[in-house]
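Take a look at the model below. The questions after it work from overall content down to single residues.

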Amino acid sequence: MSTTPHDPGEEAAARPRPSSFATSSPAESDLGFGRVVAQSVRGRFLSPDGHSTARKLGLRGQAAEQFYLRALATPWPQFLLWLVGGILLLNGLFALAYRALGDAALVGTDTLGLTDPFLRAFVYSVGVFTTTGTDGVHAAGATAHLLTVTEALLGPLLAMVVLGIIIARLTRPRAQIRFSESAVIAPYEGGRALMFRIVNELPSELTDVRAAVSMTWFENIDGPRERNFHQLKLERRDVTFFPLHWTIVHPIDDASPLRGVTPERLRRGEAEILIRISAHEETFSTQVSVSHSYAWDEVTWDAKFANVFIESIDGALAIDVERLSRFDRLAENSTRAPASHEGPPIP
């Protein structure tokens with residue numbers, strides 16, 4: 001009687017796979033990173049400010065695109081500092097070029113009332129670059145005139161580029177949501193819950209705010225150690241109005257991927273909490289979104305968030321945003337030890 005050759009790989013593939021505690025199928029729960037890629041990643045998927053840590057190689061330089069995106073995302077004080085510094089540096093280089101041609105390259109500099117030759121050339125360069133005038137100073141010689149023409153064309157062109165970036169910065173819809181510096185495992189309805197807080201830092205109104213929270217960590221399922229993704233069920237996923245702050249809560253119960261979790265389990269699993277907040281921005285009447293993440297060592301145990309509400313003069317609801325990340329310490333092992341109703345921990 002003949003037999004078919006035994007293939008251990010086929011047997012392993014046919015063997016029922018023990019279920020992880022993921023709340024959706026791998027195709028739905030890997031968040032777009034891909035299962036194979038997820039297994040090979042070490043470190044965070046998102047930086048603390050919500051940007052992906054992934055890199056794409058093999059593309060062209062994209063220097064202009066990268067510059068434009070950074071110019072849009074840079075805070076205003078830093079943007080203005082780089083802008084002024086860049087203009088001064090560029091005019092300084094032109095001034096050095098004029099000085100390299102000798103004193104005869106610029107005529108009429110005595111009327112400026114300056115004794116330093118570099119300052120004379122610098123003032124002339126600024127006048128040409130900004131098209132505000134040169135107070136009677138003019139170039140002499142072919143090379144000096146060539147520099148002047150180049151600068152006269154470059155100045156307005158750069159001014160249009162800068163003006164376009166400024167307009168884009170002022171008019172682009174955006175959300176500036178501040179997250180608490182750490183998440184906490186805090187007491188919740190006789191058990192525990194994962195919590196973090198958010199607040200809108202801009203004066204514009206956000207409505208229909210929705211939160212999607214996932215977790216990724218390594219699990220030991222039937223022997224091999226592999227990374228899995230879990231959608232975390234929230235106490236509430238959305239709020240209609242967002243005038244103050246919102247404490248987002250994931251109750252830890254027998255259906256939670258975090259059931260029975262301990263600080264050591266988070267560390268061993270290299271856990272990361274991935275957050276996506278989307279909302280309707282009233283000023284531009286459009287949808288905006290922000291991302292954030294907490295690594296395993298950015299989760300505080302045996303603590304609860306401190307009260308952020310303060311009394312206002314007119315009696316209106318008010319909070320102190322500086323208290324967003326403050327928490328009150330609890331007795332040791334208040335939340336490090338699993339609650340009795342959680343069930344066995346995930347291996």
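The turns below cover the fold, the helix packing and the cores of this predicted model.

Q: How many helices and strands does the secondary structure of the protein chain come to?
A: The model is predicted, and this count describes the protein chain as modelled. Its secondary structure comes to eight helices and 14 strands.

Q: What percentage of the residues of the protein chain count as buried?
A: Buried means under 20% relative accessible area. The protein chain has 347 residues. The share that counts as buried is 37%.

Q: What share of the contacts with a separation of 6 or more joins residues 24 or more positions apart?
A: The pool is the contacts in the protein chain with a separation of 6 or more. Within that pool, residues 24 or more positions apart account for 71%.

Q: Which word describes how H5 and H7 lie to each other, parallel or antiparallel?
A: H5 packs with helix H7 (residues 142-171) at an angle of about 175 degrees, their axes 11 Å apart. Angles over 145 degrees count as roughly antiparallel. H5 and H7 are therefore roughly antiparallel.

Q: How many nonpolar residues are in the contact of H5 with H7?
A: H5 brings residues including Trp76, Phe79, Leu83 and Phe94. H7 brings, among them, Leu147, Leu154, Leu158 and Ile165. The contact has three polar and two charged residues. Its nonpolar residues number 15.

Q: How are H5 and H6 oriented to each other?
A: The axes of helix H5 (residues 76-100) and helix H6 (residues 117-130) come within 8 Å. They cross at roughly 120 degrees, in a right-handed crossing. That angle falls outside the parallel, antiparallel and perpendicular ranges, so H5 and H6 are oblique.

Q: Which class does the charged, polar and nonpolar tally of the H5 and H6 contact list with 14 residues?
A: Residues of H5 such as Ile87, Leu88 and Phe94 meet residues of H6, including Phe118, Phe122 and Phe129. The tally gives one charged and three polar residues. The class with 14 is nonpolar.

Q: Where does H4 stand relative to H7, in terms of orientation?
A: The axes of helix H4 (residues 63-73) and H7 come within 9 Å and cross at roughly 50 degrees. The crossing is right-handed. The angle makes H4 oblique to H7.

Q: How many charged residues does the contact of H4 with H7 have?
A: Phe67, Tyr68, Ala71, Leu72 and Ala73 in H4 meet Ile165, Ala168 and Arg169 in H7. By class, seven are nonpolar and no residue is polar. The charged count is one.

Q: Which element gives the largest share of the largest nonpolar core?
A: That core has 35 residues, and Phe179, Phe196, Ile198, Ile248 and Ile277 have the most contacts inside it. Strands giving two or more residues include S5 (191-200), S6 (206-220) and S9 (245-252). The largest share, six residues, comes from S6.

Q: How many residues are in the other core, which includes Tyr98 and Phe122?
A: This core lies apart from the largest one. Its members include Tyr98, Phe122, Ala144 and Leu147. Its residues number 14.

Q: Is Phe229 buried or exposed?
A: Phe229 is found in strand S7 (residues 225-231). Its C-alpha is 8.9 Å from that of Phe218, eleven residues away in sequence. The cut-off for buried is under 20% relative accessible area. Phe229 has 4%, so Phe229 is buried.

How values were computed
Residues numbered from 1 in each chain as written. Predicted model: local features only at pLDDT ≥ 70, side-chain atom pairs only at ≥ 80, totals over all residues. Heavy atoms only, no water. Axes fitted to C-alpha atoms, helices over the stretch in contact; angles between N-to-C directions. Helix = DSSP H or I, 4+ residues; strand = E, 2+ residues; numbered from the N terminus. Parallel < 35°, antiparallel > 145°, perpendicular 65-115°, else oblique. Left-handed = near helix turned anticlockwise from the far one by under 90°. Contact = heavy atoms within 4.5 Å. Nonpolar A, V, L, I, M, F, W, Y, C, P; charged D, E, K, R; others polar. Core = buried A, V, L, I, M, F, W, Y, C linked by side-chain atoms within 4.5 Å. Buried < 20%, exposed > 50% of the residue type's maximum accessible area, 1.4 Å probe, protein only.
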